[in-house]
Amino acid sequence: MFEIIAELSRWAIPMILLVVPLVAMLRGVKVYETFVDGAEAGFATAVQTIPYLVAMLVAISIFRASGAMEVLVATFSPILNFVGLPAEVLPHAVMRPLSGGAALGIASDIIKTYGPDSFLGRLVSTMQGSCDTTFYVLTLYFGSVGIKKYRYSVILGLTADLSTLVASVFIVSVIFGSGG
Amino acid sequence: MVNLVWLGMIVFGIIVAGAKGNIDVVTKAALDGANNAVKISFSLIAIITFWLGIMKLAEEAGLVRALAWLVRPVMRFLFPSVPKDHPAMGAMVMNLSANILGLGNAATPMGLIAMRELQKLNQGRVSASDAMCTFLALNTSCVTLIPTTIIGIRLLYGSSDPTDIVGPTIMATSFSMVVAIVVDRILRLLYSGKGR
């Protein structure tokens, strides 16, 4: 099963690059000119995201470097332990929507410390795999088209992330048992 | 909400840094963050330009429309405000498929193309449309069939079965996707007509 999916992933882009221009040609599209026409907007689209990304990444960077995370963890771990969520994964849960790299660093640290086949190791692996860098995606996608008011998408994204956390704890406990 | 989160991270960060006696890190962190942001944007120029070209070809060849037509029932349900067979539908499907296959390099440009199409329907407003909120919720809670990076790390630290978290990952992310779709519907109703 994994082999099939992995193979599919490897072939997907080469196939798109083969099929799209061929079909376009067969349907009478001037392939080279059309490609250039479309690609023209690339530079502007990428550069337009700069102010948005700068704003968001500066805030995230200050938050990360200041040690605010440790304060948050110290404040919230008693509450988390009380409701049955292991506090060790809290830094990961907080960082995951903000910074993909930082979250991955925390995840590998937990895996290294507790072992990849421990409960915490499996839990943090599941959390890393099932979540996305919500704030980065929102900033980048909205920034590229000049959207400044995000309306309910921040609450929506964070709700989804929180539900992933709860689901991960539950599923990993049920499948692997919380002992190991 | 985004204003609050943004301000909160900066204010809380500076207060903590000050209280811990390492206020110096703030200035450096701010510049590092800005630097990193510009680097990311510049690294996007290449892949966005490339995929915009390919997508224009796919559009002219009628392939985007065909793709949108194929998955019409699902997309009509998720995005009632987007006209059927609109190029935005095709681009969103491409983005979500690339995400599922774990093709990060292709997923981002296709997502940005989808946003461009959605922004045309949004008549250039600076406020997010319903369809954009739904699309981003799906995008960030979307399933990745093989989380390659974390499997690599598990392998590195001697896991006896590095891929045994794939099943749980797919279950967790499917659950959060359902939650995202349901909460999106509720919030859409609550926010309808507000703040546009």
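**Interface between chains A and B in a predicted model**

Among the elements of chain A, confidence is lowest in helix H5 (residues 68-83) of chain A, with a mean pLDDT of 83, and highest in helix H2 (residues 31-39) of chain A, with a mean of 94. The model is predicted. Chain A as a whole averages a pLDDT of 89. A score of at least 70 is reached by 97% of the residues of chain A. Where pLDDT is low, predicted coordinates should not be read in detail.

Chain B contains 9 helices and 0 strands. Its pattern along the sequence is α-α-α-α-α-α-α-α-α. The C-alpha trace of chain B spans about 60 × 50 × 35 Å along its principal axes.

Chain B contributes 101 residues to the contact, and chain A contributes 96 residues. Between them, the two chains bury about 8,400 Å². Carbon and sulfur atoms account for 79% of that area. B:Met9, B:Leu57 and B:Thr140 provide 8% of the area that chain B buries against chain A. No other three residues supply more.

Polar interactions also cross the interface. Chain B and chain A share 4 salt bridges. A salt bridge links A:Arg151 to B:Asp130, with the closest N and O atoms 3.1 Å apart. Across the interface, 21 residue pairs are in polar contact, with both residues at pLDDT 80 or more.

On the side of chain B that touches chain A, the elements giving two or more residues are helices H1 (2-19), H2 (24-60), H6 (104-121), H7 (130-141), H8 (148-156) and H9 (166-191) of chain B. H2(B) makes the largest contribution to this side, with 26 residues. By class, the side of chain B that touches chain A comprises 60 nonpolar, 27 polar and 14 charged residues.

Aromatic pairs were searched for in the whole structure. Over all chains, 6 are found. In the pair of A:Phe63 and B:Phe12, the ring centres are 6.4 Å apart and the planes meet at 35°, so the pair is tilted. A:Phe63 lies in helix H4 (residues 50-65) of chain A, and B:Phe12 lies in helix H1 of chain B, so this pair joins two chains. Helix H1 of chain B is also among the elements that give two or more residues to the side touching chain A.

Note on methods:
Residues are numbered from 1 along each chain as its sequence is written. Chains are lettered from A and ligands numbered from 1 in the order in which they are written. This is a predicted model: local features need pLDDT of at least 70, side-chain atom pairs count only at pLDDT 80 or more; totals for chains, interfaces and linings use all residues. Side-chain values use heavy atoms; hydrogens and water are left out. Contact means heavy atoms within 4.5 Å. Buried area is the accessible area (1.4 Å probe) that two parts lose on being put together, summed over both. A salt bridge is a side-chain nitrogen of Lys or Arg within 4 Å of a carboxyl oxygen of Asp or Glu. A polar contact is a pair of N or O atoms within 3.5 Å; within protein, one must be able to donate a hydrogen and the other to accept it, and residues adjacent in sequence count only if both atoms are side-chain atoms. Helices (H or I, at least four residues) and strands (E, at least two) are DSSP runs, numbered from the N terminus. Ala, Val, Leu, Ile, Met, Phe, Trp, Tyr, Cys and Pro count as nonpolar, Asp, Glu, Lys and Arg as charged, and the others, Gly among them, as polar. pLDDT is the predictor's confidence in each residue, from 0 to 100. Rings of Phe, Tyr and Trp (its six-membered ring) pair if their centres lie within 6.5 Å; planes under 30 degrees apart count as stacked, over 60 as edge-to-face and the rest as tilted.
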